Every structure is written in C-alpha cells, then in structure tokens.
Amino acid sequence: MKIKIRKTLKSIVNILTWIWLLVHGAFSAHAFTFSQDTEDKVYVIKNPWFFKLLNPISGDSLGFTLPFIGVAYINETAVKNAKTSIDGVIKHEAKHIEQYWELGIQHFQVDTWKLEGVAEYARGESTIPLCASALTESKEQQRYRDYHIVVKYLIENKGLGEGGIYRYQGYPLSEADDWVSTEVCGDA
C-alpha cells in the first residue's frame with residue numbers, strides 16, 4: 001500500500017512539474033517570437049495566485065526572473081502594495097534577463113548585491129528613495145536600497161561600468177552612503 005501511495009505521489013509531482021515547465025516554456029516561446037526588446041519579455045501578472053504558481057518560493061516579491069528562460073514576471077498586486085512603479089520593476093527584471101544572457105554560468109558566481117544593485121540602477125529608483133531618512137520598510141527593501149547606493153557610487157563616482165562592478169572586490173557601503181548623502185541628497 002505504501003509503495004502504491006509513493007508511486008501515486010511521484011506521478012502527481014511529475015505531472016505538476018511538466019505543467020510548470022510547459023507554462024514557462026509557453027511564456028518563453030511567446031517572448032522570443034513577439035518581443036521587440038528585453039522589456040517586452042517581462043510579464044505583469046495580475047493574479048497573485050498565478051504569480052505564486054509560476055514561482056512557489058517567491059513569497060510576496062515584486063518580481064522574479066528564472067535563469068536562462070529569457071522571461072521575467074511581475075506581481076502587480078505586490079508592486080501596488082509597495083507603492084512603487086510597475087515601469088521601474090519592469091526595467092529591474094529586464095536587466096536580470098540581460099545579466100543571465102551576458103554573464104552565462106558566471107552569473108551564479110557574482111555577488112547578489114552587484115546583480116541587484118545594477119538592476120536597481122537600471123530601474124532608476126529604489127522602492128525606498130535613496131535620500132529617505134527614516135526607514136520603515138522591510139529589511140529586503142532596505143538591502144536593495146543599499147545595493148543601489150553602492151552601484152550608483154561605483155558608476156557615478158568611481159567611473160566603473162557594469163563589467164567592472166561584477167569584478168569589483170569589496171562592498172563599500174559606508175563610503176557610498178556618505179557620497180550619496182553629500183553629492184546626491186545635498187546633506188552637509
């Protein structure tokens with residue numbers, strides 16, 4: 001009896017996995033057939049349960065990009081709840097699509113702060129404004145703001161390009177925070 005239940009469960013998991021892969025494959029095929037640019041490969045998902053179905057471990061994230069599938073998804077409800085711009089999140093996720101294709105397998109060796117910071121810089125804004133003084137947002141939103149600050153500092157003050165950021169050693173948050181406070185926010 002236990003063997004039969006185990007086989008049945010395994011069959012159900014296999015069927016669900018194939019359905020999951022087919023759904024992502026359909027989005028990917030559509031994107032590569034009809035997209036004019038990378039931003040066209042970012043799909044805004046209006047229904048939170050469908051977003052959760054696409055990525056069961058996504059939690060309440062604003063969006064996600066699967067490696068090498070060539071598409072990204074945005075959780076419209078989460079974006080509205082975060083009171084941020086869908087266009088900005090589209091730019092962020094589109095940058096992740098580009099990163100996967102540009103970096104290839106090396107993508108998995110690049111620090112998270114570099115990948116997310118570059119995506120936030122491409123977005124042009126953070127969920128939390130760079131000059132905000134009182135931070136009441138989630139720890140994850142604060143981390144993304146910090147990543148953005150560091151990348152902005154490395155690009156605009158140190159003159160690094162995207163490739164230079166990916167090769168950069170260290171995480172100069174303190175320097176970057178001081179620079180942003182003085183040069184961007186105008187604090188004395």
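Two helices count as roughly perpendicular when the angle between them falls between 65 and 115 degrees. In this predicted model, helix α5 (residues 112-123) packs against helix α6 (residues 139-156) at an angle of about 80 degrees. The two helices are therefore roughly perpendicular to each other, and their axes lie 7 Å apart. On the α5 side, the contact is made by T112, W113, K114, E116, G117, V118, E120 and Y121. These residues meet Y144, Y147, H148, V150, V151, K152, L154, I155 and E156 of α6. Sorted by character, the residues of this contact comprise 9 nonpolar, 3 polar and 5 charged.

Helix α5 itself deserves a closer look. Its 12 residues, at 1.5 Å a residue, should span 16 Å, and the end C-alpha atoms are indeed 16 Å apart, so the expected and modelled values agree. The helix is mostly covered, with 9 of its 12 residues buried. The buried set consists of W113, K114, L115, E116, G117, V118, A119, E120 and R123. Several of these names, among them W113, K114 and E120, also appear in the list of residues that meet α6. The cover over the buried residues of α5 is not provided by α6 alone, since it includes α4, α6 and α7 (162-167). Just past the helix comes G124, a residue with a positive phi near 95 degrees.

Within α5, E120 offers a good example of a charged residue in a covered setting. E120 lies in this helix and has a relative accessible area of 2%; with the limit for burial set at under 20%, E120 is therefore buried. Once its neighbours within four places in sequence are left aside, E120 is in contact with H92, E125, S126, T127, Y144 and H148. Two of these partners, Y144 and H148, are also among the α6 residues that meet α5.

Attention can now turn to the covalent cross-link of the model. A disulfide is a covalent bond between the sulfur atoms of two cysteines. A search of the whole structure finds 1 such link, formed by C131 and C185, whose sulfur atoms are 1.9 Å apart. The pair joins distant parts of the chain, 54 residues apart: C131 sits in the loop between α5 and α6, whereas C185 belongs to the segment after α8 (173-184). The rotation about the S-S bond is -95 degrees, and the link of C131 and C185 is left-handed. Both cysteines fall in the band between buried and exposed, which runs from 20% to 50% relative accessible area. C131, with a value of 42%, is therefore partly exposed, and C185, at 23%, likewise counts as partly exposed.

Finally, the backbone holds two residues of note that have positive phi without being glycine. F68, found in the loop between β2 (63-65) and β3 (72-75), has a phi near 60 degrees. At 31% relative accessibility, F68 counts as partly exposed. K83 is placed in the loop between α3 (76-81) and α4 (86-103), and its phi is about 55 degrees, again a positive value in a residue that is not a glycine. With a relative accessible area of 75%, K83 is exposed.

Terms used:
Residues are numbered from 1 along each chain as its sequence is written. This is a predicted model: local features need pLDDT of at least 70, side-chain atom pairs count only at pLDDT 80 or more; totals for chains, interfaces and linings use all residues. Side-chain values use heavy atoms; hydrogens and water are left out. Axes are lines fitted to C-alpha atoms, for helices over the stretch in contact, and angles run from 0 to 180 degrees between N-to-C directions. Helices (H or I, at least four residues) and strands (E, at least two) are DSSP runs, numbered from the N terminus. Angles under 35 degrees count as roughly parallel, over 145 as roughly antiparallel, 65 to 115 as roughly perpendicular and the rest as oblique. Contact means heavy atoms within 4.5 Å. A disulfide is a pair of cysteine sulfur atoms within 2.5 Å. Buried means under 20% relative accessible area, exposed over 50%, partly exposed in between (1.4 Å probe, protein chains only). The expected span of a helix is 1.5 Å times one less than its number of residues.
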